[in-house]
Amino acid sequence: RDIYKVGHTDRDPEERARELSRVTSTPTPFLVVQAWAVSRGYEAEQAAHAALDGYRVDDRREFFRTDYAVLREALEKAIGPWIV
């Protein structure tokens with residue numbers, strides 16, 4: 001609960017979520033709760049991860065634990081320059 005995977009994909013986010021659900025050992029399928037179109041995916045992802053670093057579940061993974069409202073506000077500020 002309140003754990004989110006934040007990352008960049010060049011593909012359809014729903015398709016990527018289905019793929020991750022098949023290949024990981026998560027007890028429930030991944031659910032896309034928000035997606036943003038950005039002009040520079042790698043840079044936006046790096047900014048997002050930096051903004052969320054204090055909420056990171058594991059230093060080597062892209063999972064963050066916080067309330068969704070907090071997560072969304074931090075993400076929108078961090079990736080704002082790249083949102084198209």
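1. In this predicted model, helix α2 has an exposed side on which Tyr42 and Ala50 are found, and on the other side of the helix the buried residues are Gly41, Ala44, Glu45, Ala48 and His49. Viewed down the axis of α2, these buried residues fall within an arc of 130°, so they line one face of the helix. The general geometry is worth recalling here: an α-helix has 3.6 residues a turn, so residues three or four places apart point the same way.

2. As to what lies over that face, the cover of the buried α2 residues includes strand β2, residues 63-65, and helix α3. Two of the buried residues illustrate this at the level of individual contacts, with neighbours within four places in sequence left aside in both cases. Ala48 is in contact with Val6, Leu75, Ala78 and Ile79, whereas His49 touches Val6, Gly7, Arg56, Glu62 and Phe64. His49, which is found in helix α2, has a relative accessible area of 10% and is therefore counted as buried, the cut-off being under 20%.

3. The largest nonpolar core consists of 11 residues in all, namely Tyr4, Val6, Ala44, Ala48, Leu52, Phe64, Leu71, Ala74, Leu75, Ile79 and Trp82. Helices α2 (41-51) and α3 (68-79) each supply at least two residues of this core, and the largest share, four residues, comes from α3.

4. Two aromatic pairs are present in the structure. In one of them, Tyr4 and Tyr68 are tilted, with 5.8 Å centre to centre and 45° between the planes. Because Tyr4 lies in strand β1 (residues 3-5) and Tyr68 in helix α3, the pair ties together parts that are 64 residues apart in sequence. Tyr4 is buried, with a relative accessible area of 14%, while Tyr68 is partly exposed, at 24%.

5. Phe30 and Phe63 also form a tilted aromatic pair, for which the values are 6.1 Å centre to centre and 35° between the planes. Phe30 lies in the loop between α1 (13-23) and α2, and Phe63 in strand β2, so this pair ties together parts that are 33 residues apart in sequence. With a relative accessible area of 22%, Phe30 is partly exposed, whereas Phe63 is buried, with a relative accessible area of 15%. For a reader applying the 20% cut-off for burial, the values of 22% for Phe30 and 24% for Tyr68 may be set beside those of their buried partners, 15% for Phe63 and 14% for Tyr4.

Notes. Residues are numbered from 1 along each chain as its sequence is written. This is a predicted model: local features need pLDDT of at least 70, side-chain atom pairs count only at pLDDT 80 or more; totals for chains, interfaces and linings use all residues. Side-chain values use heavy atoms; hydrogens and water are left out. A nonpolar core is a set of buried Ala, Val, Leu, Ile, Met, Phe, Trp, Tyr and Cys residues joined through side-chain atoms within 4.5 Å. Buried means under 20% relative accessible area, exposed over 50%, partly exposed in between (1.4 Å probe, protein chains only). Contact means heavy atoms within 4.5 Å. The arc is that of the directions from the helix axis to the C-beta atoms. Rings of Phe, Tyr and Trp (its six-membered ring) pair if their centres lie within 6.5 Å; planes under 30 degrees apart count as stacked, over 60 as edge-to-face and the rest as tilted.
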